[in-house]
Amino acid sequence: MDYYDILETTYVTRRPGVPRKVMLKCFIIKTHFEIPFLRKLVKFLSSYPYWCWIAGLPSVPHLSTFSRAAS
């Protein structure tokens with residue numbers, strides 16, 4: 001088996017992307033309610049689904065979605 005026989009696969013998460021505008025709304029919510037950690041933001045959004053609707057989220061994203069956007 002040669003090096004060229006290995007097929008290159010792309011990294012696919014199979015999750016829909018979250019638009020930047022929606023992420024910005026989430027971080028505005030985080031700032032407004034003075035939520036210090038992203039983990040607490042996820043807990044807040046799961047406790048109050050109204051704020052998910054305001055931000056334009058169909059459901060609460062995983063914590064890693066917020067941490068990727070923050071960096």
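## Partly exposed, and a first example

A residue counts as buried under 20% relative accessible area, as exposed over 50%, and as partly exposed in between. Take Tyr-48: its relative accessible area is 47%, so Tyr-48 is partly exposed. Keep in mind that you're looking at a predicted model.

## Two sides of H2

Let's turn to helix H2, which covers residues 38–47. Which of its residues are buried? They are Leu-38, Leu-41, Val-42, Phe-44 and Leu-45. Look down the axis of H2 and these buried residues fall within an arc of 160°, so they line one face of the helix. Swing round to the other side of H2 and you'll find Arg-39 and Lys-43, which are exposed.

## The nonpolar core

In soluble globular proteins, nonpolar side chains tend to be buried together. Here, the largest nonpolar core has 14 residues. Those with the most contacts inside this core are Cys-26, Leu-41, Phe-44, Leu-45, Ala-55, Leu-57 and Phe-66. Helix H1 (20–32), H2 and helix H3 (49–55) each chip in with at least two residues of the core. Which helix gives the largest share? That's H2, with 5 residues.

Leu-45 makes a handy spot to zoom in on. Leaving out residues up to four places away in sequence, Leu-45 touches Cys-26, Trp-51, Cys-52, Leu-57, Val-60 and Phe-66.

## Aromatic rings

Now for the rings, where the count comes to 5 aromatic pairs. In one pair, Phe-33 and Phe-44 have their ring centres 5.0 Å apart and their planes at 40°, so the pair is tilted. Phe-33 sits in the loop between H1 and H2, while Phe-44 belongs to helix H2, so the pair ties together parts that are 11 residues apart in sequence. Are these two buried or partly exposed? Phe-33 has 35% relative accessibility, so Phe-33 counts as partly exposed. Phe-44 comes in at 16%, so Phe-44 counts as buried.

Phe-44 also pairs with Tyr-48, the residue we started with: their ring centres are 5.1 Å apart and their planes lie at 45°, so this pair is tilted too. Which residues form one aromatic cluster with Phe-44 and Tyr-48? Phe-33, Tyr-50, Trp-51 and Trp-53 join them there.

## Pulling it together

Phe-44 turns up again and again: on the buried list of H2, among the core residues with the most contacts, and in the aromatic cluster.

Methods:
Residues numbered from 1 in each chain as written. Predicted model: local features only at pLDDT ≥ 70, side-chain atom pairs only at ≥ 80, totals over all residues. Heavy atoms only, no water. Buried < 20%, exposed > 50% of the residue type's maximum accessible area, 1.4 Å probe, protein only. Helix = DSSP H or I, 4+ residues; strand = E, 2+ residues; numbered from the N terminus. Arc of directions from axis to C-beta. Core = buried A, V, L, I, M, F, W, Y, C linked by side-chain atoms within 4.5 Å. Contact = heavy atoms within 4.5 Å. Phe/Tyr/Trp six-rings, centres within 6.5 Å; stacked < 30°, edge-to-face > 60°.
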